[in-house]
Each structure stands twice: as structure tokens, then as C-alpha cells.
Amino acid sequence: MKLDPQLPGGAIQGAWTQRRRELPLISPINKRRFKVLVVGSGLAGASAAATLAEQGFRVTLLTYHDSPRRAHSVAAQGGINAARNYQNDGDSVERLFLDTVKGGDFRAREAGCHRLAEISGAIIDQCVAQGVPFAREYGGTLANRSFGGALVSRTFYARGQTGQQLLYGAVQALLRQVDAGRVELLTQRDVLDLITVEGVARGVVCRVQASGCLEAHTAHAVLLASGGYSNVFHRSTNAVKSNASAIWRAHRRGAAFANPCFTQIHPTCIPSGDPGQSKLTLMSESLRNDGRVWLPAQAGDARAPDAIPEAERDYFLERQYPTYGNMVPRDVASRRARERCLEGHGVGPGGRSVYLDFSDTIHREGRAAIESRYGNLFAMYERITGSDPYAEPMRIYPAPHYTMGGLWVDYNLMSTIPGLFVLGEANYSEHGANRLGASALMQGLADGLFIAPATVGGWLAGHLHTEVNPDHPACRAATASVQARIDGLGSSGLGSSGGRSCDSLHRELGEIMIGACGISRHAQGLRAALAQVQALEQAFAEELRLPEPRAGRNPELEKALRLEDFLQLAALMLRDALAREESCGAHFREEHQSADGEALRDDAKFCHIAAWQWNGDGQEPLRHCEPLHYRHATPSRRNYR
């Protein structure tokens with residue numbers, strides 16, 4: 001497998017501008033000859049579909065939601081980064097670039113990180129033009145706050161609803177193109193396979209959720225913007241239906257999967273209420289601007305928080321990281337919280353929580369100030385827990401959130417399959433081994449608004465493929481393959497009557513993965529987990545119970561198709577974590593840490609992107625490497641003290 005990142009030459013500061021000049025163009029009258037297929041209606045997918053349609057391409061957008069407004073981007077709370085230096089605190093494109101590279105622990109491409117920082121300001125301008133109601137200062141200028149891993153305030157926000165407001169702006173632009181007849185919007189479509197013709201991506205096979213029918217959709221280029229795969233852990237901050245099927249099936253068709261073990265555990269989530277819970281609720285990282293994280297200094301202290309005097313509290317992040325304090329990056333905050341809980345200092349049921357306390361800020365600035373910044377988040381917390389966070393500290397604990405791994409893409413966002421572009425969280429991109437807070441929305445909109453609309457058109461200009469219709473032999477073969485897969489699910493195929501439900505199998509997978517490949521990992525645990533996952537795959541094949549009929553709406557069948565993909569992906573994640581004999585960012589191998597418990601990288605052996613190639617059912621996948629080179633950011637120990 002050839003891994004050519006297509007990196008631009010010359011100075012990094014003008015690389016993206018130079019690349020856009022080099023890309024061939026298509027005349028407006030010819031763009032209507034090309035059809036583009038977009039999978040996913042989140043920020044990356046909706047903005048890409050709207051922008052490409054505005055340019056004149058014929059676009060079809062597939063989403064498994066009943067409305068594009070329900071894409072999981074709507075759940076993002078805290079904000080979106082951009083280097084505008086509105087606070088006059090020393091921010092710049094170069095500082096955002098360096099924070100991003102350092103935050104990812106030097107496991108991302110320099111050129112991509114710099115491009116993201118360059119584009120960030122234009123994203124804010126575009127969103128303001130779309131009517132996104134960002135918070136503003138008294139004088140009318142846009143407000144900023146800080147997020148983990150940065151010493152400046154560069155995060156633009158709309159209270160605790162930033163993702164929702166950004167998505168609504170992107171969807172309004174999308175629906176304008178739908179109304180103009182330039183975008184065909186198809187809802188409740190579950191993408192189950194990729195169609196390739198002579199090695200080029202030309203379409204997808206999807207299942208219509210309402211009828212159970214299979215459809216083949218074709219185009220001249222395919223864009224996957226279907227999100228991440230944190231639901232491999234069963235309990236995560238992702239929506240219950242969030243899945244990895246689109247990217248995993250593309251992987252099985254030949255798209256390399258990069259760094260699958262790079263998954264992020266968010267430190268600020270509401271702890272699970274019971275073992276059967278599958279969806280965890282995120283409390284925005286922005287809360288750590290005004291809330292202080294602490295635990296009782298005495299292990300096993302069961303007193304109420306207001307009964308513990310200040311001298312007997314351990315503000316452990318402020319103590320361990322005096323420079324960044326509570327605003328250390330997510331992987332650091334999550335690891336330290338877990339350590340303190342394992343040492344017996346945790347609070348709440350099972351000792352699996354830490355306090356996030358706003359009393360100091362409320363005393364200093366008043367309740368109204370906190371209400372104006374986080375009112376909806378506080379209301380959400382009280383509805384879920386029954387506790388008033390204005391009167392007592394929140395209880396939070398780390399939970400699976402974002403995935404930095406994904407399909408490998410080059411600088412132009414194209415995978416190892418020609419014609420298959422991957423956007424947003426679905427790709428391995430600029431976050432390296434750890435995503436900085438408020439960078440996900442930035443990357444999704446950068447890919448959808450600015451990068452893909454330039455590079456997809458540039459690729460189409462040099463590849464005048466003939467039309468492929470759903471009757472093409474490749475489409476019929478892919479559709480038949482999906483149908484055979486559906487018919488074969490369960491202990492005896494059609495009419496299966498096994499003893500295990502999808503939920504029970506998925507819950508068991510999640511317990512294996514969070515224990516062995518969560519906040520920290522070690523070789524023995526990874527090897528044991530790999531054997532357990534393989535045994536669980538066998539149980540899925542032999543013991544799965546599915547209701548009949550399989551035509552029509554069948555939520556259990558949808559779960560089974562997704563779980564089959566999660567099981568295969570979980571095995572790859574464990575292999576990737578086992579192969580990477582170092583600690584970097586959110587990938588923390590316990591065998592590789594410094595004397596003070598920080599991640600210990602091995603730049604001599606692992607300064608690369610690991611890209612895995614599917615090698616067939618029952619075969620070991622092949623591991624390839626794309627070396628990383630740093631000319632502008634000098635790799636150094638990631639120090640937040």
C-alpha cells in the first residue's frame with residue numbers, strides 16, 4: 001500500500017494557498033456534469049454538501065437521521081477555536097498551530113495543523129454571516145474563553161450550545177441548496193458498503209430504515225463524513241446510533257485505517273447512573289474555566305462537600321500543574337482524575353467521581369455571571385442528577401468522547417481509495433494523539449467549507465469518469481454482498497433464535513475495551529482483551545438473537561450490523577495499541593511513563609502515522625507507516641506544569 005501524503009513543498013505558511021493555486025479548475029457550466037455523494041449530515045457533511053452544490057455540482061446527501069439537524073454535531077457544547085486575538089492576549093495563527101501540534105503530542109502532520117490554524121478565522125466569518133449567535137462582549141465584539149491545552153482565550157461560543165448553533169447554520173445553507181434543486185437529501189439511510197469500479201470509489205450501498213430495502217447510489221466522487229467510533233466502548237458521549245459502519249466498510253474495501261487506538265476520554269462527564277445505561281452526558285470543558293476540580297485530601301472521606309474545610313481539599317490539577325491548572329488537556333485531566341479515584345479519594349457511588357466546584361466564582365462574580373455563561377448546562381445537569389450545581393459541586397468522571405483515529409487521508413483529504421474523500425471526525429487528521437478542546441468543530445467546518453470544496457473539484461477535473469448507474473455489475477455485486485451479510489446474521493441466519501441480544505454483546509464489548517484500551521493500557525491487558533474480543537466475535541456469530549421479519553423497520557437488525565463492525569474495529573484498536581510501544585497523548589501505555597507519571601514518547605521508533613490495511617476475514621491486518629517530519633515545531637516533552 002502506497003501512503004503518499006501529497007504534502008506541499010515550500011514554506012509551511014503559504015502551503016495551502018499554493019496548493020489551491022495548483023489545483024485544476026472546472027468551468028461552471030461543466031460542474032453540473034459531476035455528481036458528488038456525501039455520507040453524513042453533521043458539520044463536515046452538511047457544509048461540504050452545501051458548498052459543493054453552491055459551486056454547481058450535483059450533490060446527493062445520505063443521513064441515517066430523519067432530519068440533518070439531528071446529526072451528532074448538535075451535541076457539541078463548549079466552543080470553536082480560531083486565532084483572532086480578540087482578547088489581545090498574544091494569540092496568533094502560529095500559536096494555534098504550535099498548540100495543536102503540541103496538544104497532539106507530535107503525532108500529526110505539521111502542514112495540516114498549520115492549514116487548520118490559517119483557516120480558523122475564515123470559519124468564524126462564515127458562521128457569523130450564516131447568523132450563528134456567538135456570545136458577544138458589551139461593546140459588540142465576539143467573546144472568547146479558554147479551553148484545555150492553551151494559555152490564551154481563543155474559543156468562540158454560543159453559551160453551551162455552540163455545536164447546535166453551528167450545525168443549524170450549516171443545515172440552513174444545505175436546505176437552501178435542497179430547495180434550489182442542487183442537493184438531493186435522502187434521510188433514514190444506513191450506509192453499509194462502498195462501491196468501487198476499477199479501484200475508484202463510485203458509490204455506496206445503503207439500507208432504507210423505514211422499508212428495509214437496499215439501495216445503490218452512485219457518483220463521480222464519494223465523501224464520507226460519518227463521524228467517529230467512540231460507541232465501540234458502548235457507553236460514550238456519542239448518540240446511541242453513532243456508528244463506524246461507513247468508514248469500516250470502506251476500510252474493508254481497501255481504505256487504510258490510521259491510528260485506531262488514538263481515542264479520547266473526556267474528563268467532564270456526568271457519571272453513569274446504572275450498568276444498563278448506554279449514553280453518557282457531556283459537561284462542557286469550558287466549565288473548567290470557572291469550576292475548580294478537587295477531591296478530599298483524606299482517602300475514604302465520605303463527608304458532604306460543604307462539610308470538608310478548604311485545608312482538607314486537594315485541588316489536584318492545580319497542585320500538579322500550576323501553570324495550566326484546571327485547563328490542562330483532556331487526556332491529562334482524565335488520567336489524573338482516574339488515578340486519584342483508584343487511590344481511594346473518589347466521591348459519589350463507588351468512589352467514581354470528582355468534584356467540579358463553582359462556589360469561588362459565584363462568590364467572586366455572582367450567580368448571574370455563571371448563569372449567563374453556562375445556564376443551559378447547569379439546567380441540564382440538574383435535570384439529570386437532581387442536584388443544584390449552583391448550591392453544591394457537580395460530580396464528574398471521564399468518559400469516551402472523541403476519536404482521533406480514522407481513515408487515513410492525504411493533504412487533499414483523499415483516502416487510499418481514489419475518489420474516496422473523508423472529512424471531519426471520520427478521518428485521521430490534525431489532532432494527533434490528543435484533540436485539543438474546541439478543535440473538533442473547527443476541523444469539521446474547515447474540511448467541509450474550505451478544503452474539500454477545493455480538493456474534490458481539483459480531483460474531478462483530472463478524472464472524467466463515465467456515469468455509473470445502479471445497474472452496473474459492481475453495484476449489483478455490492479448490493480448482493482450486503483444482502484447476504486444481512487441474511488447470514490445470527491445463530492442460524494434468517495430466523496435466528498440465539499440466546500444473546502445485541503445490547504448484551506455490545507455492553508460486554510464496552511467493558512472489555514474501556515478496561516484494556518481506555519484511559520491507560522498495558523501489554524498484558526491488551527493481549528488478554530484481544531483474545532476476549534475474538535471470543536465475543538464468535539459468540540456474536542453463534543449466539544445472536546434477532547427478531548423477524550428482517551424487512552421493514554428493524555432496530556435490532558441495525559444494532560447487529562453496527563455491532564459486527566465494532567467488534568472487528570475493536571480488534572484493530574487493540575492491535576494498534578499493542579504495536580505502539582510508547583505513550584503519547586491519549587495513548588498512555590503504563591510501561592512507558594516518566595518518573596512523574598507523564599507520557600514518554602519514543603520519537604526514534606514511533607514518530608509516524610500507523611495505517612492499517614485490511615487483509616481479509618480471519619487474517620492479520622497489515623501495518624504501514626507514514627513518517628512524520630517536523631521542520632517548524634520542535635518535538636519536545638509535552639509539559640503543562
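In this predicted model, Leu37 sits across from Val222 of strand β9. That pairing belongs to a parallel arrangement in which strand β1 (residues 35-39) is joined to β9 by 4 bridges. Strand β9 also has a partner in β17 (residues 420-422), again running parallel, this time with 3 bridges. Here it is Leu223 that faces Phe421 of β17.

What about the two faces of β9, which spans residues 221-224? Both turn out to be covered. Ala221 and Leu223 are buried on one side, while Val222 and Leu224 are buried on the other. So to speak of the pairings again, Val222, the residue opposite Leu37, and Leu223, the residue opposite Phe421, are both buried.

Turning to helix α11, this element covers residues 367-385, 19 residues in total. A straight helix would reach 27 Å at 1.5 Å a residue, yet the end C-alpha atoms of α11 are only 20 Å apart. The helix is not straight along its course: a kink of about 85° is centred on Tyr374. Tyr374 is itself one of the buried residues of α11. Ahead of Tyr374 in the chain, Ala369 and Ile370 are buried too, and after Tyr374 come Gly375, Asn376, Leu377, Phe378 and Tyr381.

And what do these buried residues pack against? Their neighbours are α10 (359-365) and β15 (394-403). Just past the end of α11, the backbone does something worth a look: Gly386 adopts a positive phi of about 80°.

Notes: Residues numbered from 1 in each chain as written. Predicted model: local features only at pLDDT ≥ 70, side-chain atom pairs only at ≥ 80, totals over all residues. Heavy atoms only, no water. Expected span 1.5 Å × (residues − 1). Bend = angle between axes of the 7 residues up to and from the residue. Buried < 20%, exposed > 50% of the residue type's maximum accessible area, 1.4 Å probe, protein only. Contact = heavy atoms within 4.5 Å. Pairing = 2+ DSSP bridges.
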